[in-house]
Amino acid sequence: MFGGPVAAPINSPHLRKSGGRAVVSDLADELGNGVEDGHLHPIEVNGLKSASTPMVTVAIAPSPMLLWRFKVLLFLLWGFICSKIGWHSVMRMSVDLRDLFLYEAFLYYNPLLLVTTMVWLWGINLWVFSQSNVNYAKIFDLDQNHLTHREIWKCATWMTIIVPTSMTAYLYLYSHGEVSLAASQPVLLYFAVVMILIFPFDIFYFQSRYYLLRTLWRIVLPLQAISFSDFFLADILTSMAKVFSDLERSVCRMVHRQVATIAWFEADSVCGSHSIAIPLVLVLPYLFRFFQCLRQYKDTGERSTLLNALKYSTAVPVIFLSALKYHVLPDSWINFYRPLWLLSSVLNSLYSFYWDVTRDWDLSGFTRIFKFNKSHLCSHLSHGRIWVYIWVIGSNLILRCTWTYKLSAHLRHNYLTVFTIAALEIFRRFQWIFFRVENEWNKMNSRSNIQLSMNNPTNEEVKLLASDGHNVLIKE
């Protein structure tokens, strides 16, 4: 009864995993002769305990939906904490200092916030491309290791966490009298961004970072044939001209140790709002694109590239005539320079709008990009709908006109208004990307079809050549 041989039936439910085969039977088969006549001897049971056979363990992992909801909850909690700390920090300051301080904080952080917005929207672009028939990897000549929309959104999520956290720390430290620590926050953030971009080791998406830096280098020095990715990224940079202008002013104050001080508040200072460096940095993206068009004309001889170069050149007088307000007499500005500025602004907006609709988009294939491979709500609401035409064309015209506000330094009195218009320009570029990439994909398919038709003559062409006595060899 006690201490005697224990008979353990092979089919006993106590030795069976749920829904599986008999565990003792599996082990006995591996040992070769562990089971005789349906019974297992006690000494063999003890031997099984010391056997080197690995045991199969079942890992219990949370469901992806539960994990995703938990991350969203943490993200919202983090956003609430940052907003609360930032609000209380601003309310601690005097009314006279509050607006000036917020203006400076926005100057340091709004460029990175706008870049973060662009990264989020670029992820949406890639998601739509992946759902439709547009092979964006082929268009941009990407390898198999290129970033997908999920990886882009992952980068955007970290940017959304890091940038506002640094801004909250800046507000909190300054409002509590820790001026030196507050001044170090934007400096550390900018330094970290630069180090991540140029980090030479194979981490943090090394191949994608190298691709981005190489494309930027090709934009700055267009000494080679211009690829689609070259002028595509250069077009995006023109929509972020305000970002580069604010970056220049921020770096200028960091170099001259004017962060978290009022030394820069004088408009005529080296980093002030009247600095000549502001229009020079604003015009750089347009000059890059202008020289790209000249390079394309040299390589292809197409006159349309010269007309495109003319379009980018119309932004130059808008920028420099606006900057002249701070360097000429008031009467000269009102009677002569302001009418020229208004005329150049209207010309630039209308010319750019015309080029978007007729050249960059080519409305003959409009809105095909929203025809997804699988049924989707976005495809149902967008594909073939007339409101998509009206919305995209109308919003593009309106936002092209507000572009003048962004490029004109003398109109920048309210930093929140400027930030909103700059964000709207990025949204306009987000819309533009859909149809520009689709147009390029349609052109690539058309060239492939033409080349295929030239290599494979039709039956009528074969009969015509045969009637003339030619021997026709058709490649299978």
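**Packing inside and a greasy face outside**

Phe80 sits in helix 3, where helices are DSSP runs of H or I, at least four residues long, numbered from the N terminus. The model is a predicted one, in which local features need pLDDT of at least 70 and side-chain atom pairs pLDDT 80 or more, while totals for chains, interfaces and linings use all residues. Residues are numbered from 1 along each chain as its sequence is written, and side-chain values use heavy atoms, with hydrogens and water left out.

With 54% relative accessibility, Phe80 counts as exposed (over 50%; buried is under 20%, partly exposed in between, with a 1.4 Å probe and protein chains only). Leu67, Phe70, Leu74, Leu77, Phe80, Ile81, Ile85 and Tyr172 make up a nonpolar surface patch of about 750 Å². Patch members have over 30% relative accessible area and no salt bridge (Lys or Arg side-chain nitrogen within 4 Å of an Asp or Glu carboxyl oxygen), with nonpolar side chains joined within 5 Å. Helix 3 (residues 64-91) gives the most to this patch, 7 residues.

Helix 9 is another story. Since 12 of its 12 residues are buried, helix 9 is largely enclosed by the rest of the structure. One of those buried residues, Phe232, is in contact (heavy atoms within 4.5 Å) with Trp122, Phe140, Trp432, Ile433 and Val437, leaving aside neighbours within four places in sequence.

The largest nonpolar core (buried Ala, Val, Leu, Ile, Met, Phe, Trp, Tyr and Cys joined through side-chain atoms within 4.5 Å) has 37 residues, of which Phe129, Ile139, Phe140, Phe232, Ile433 and Val437 touch the most other members. Its largest share, 10 residues, comes from helix 17.

How values were computed:
Helices (H or I, at least four residues) and strands (E, at least two) are DSSP runs, numbered from the N terminus. Patches are made of residues with over 30% relative accessible area and no salt bridge: like charges are joined within 9 Å, nonpolar side chains (Val, Leu, Ile, Met, Phe, Trp, Tyr) within 5 Å. Accessible areas come from the Shrake-Rupley method with a 1.4 Å probe; for residues, only the protein chains shown count as cover.
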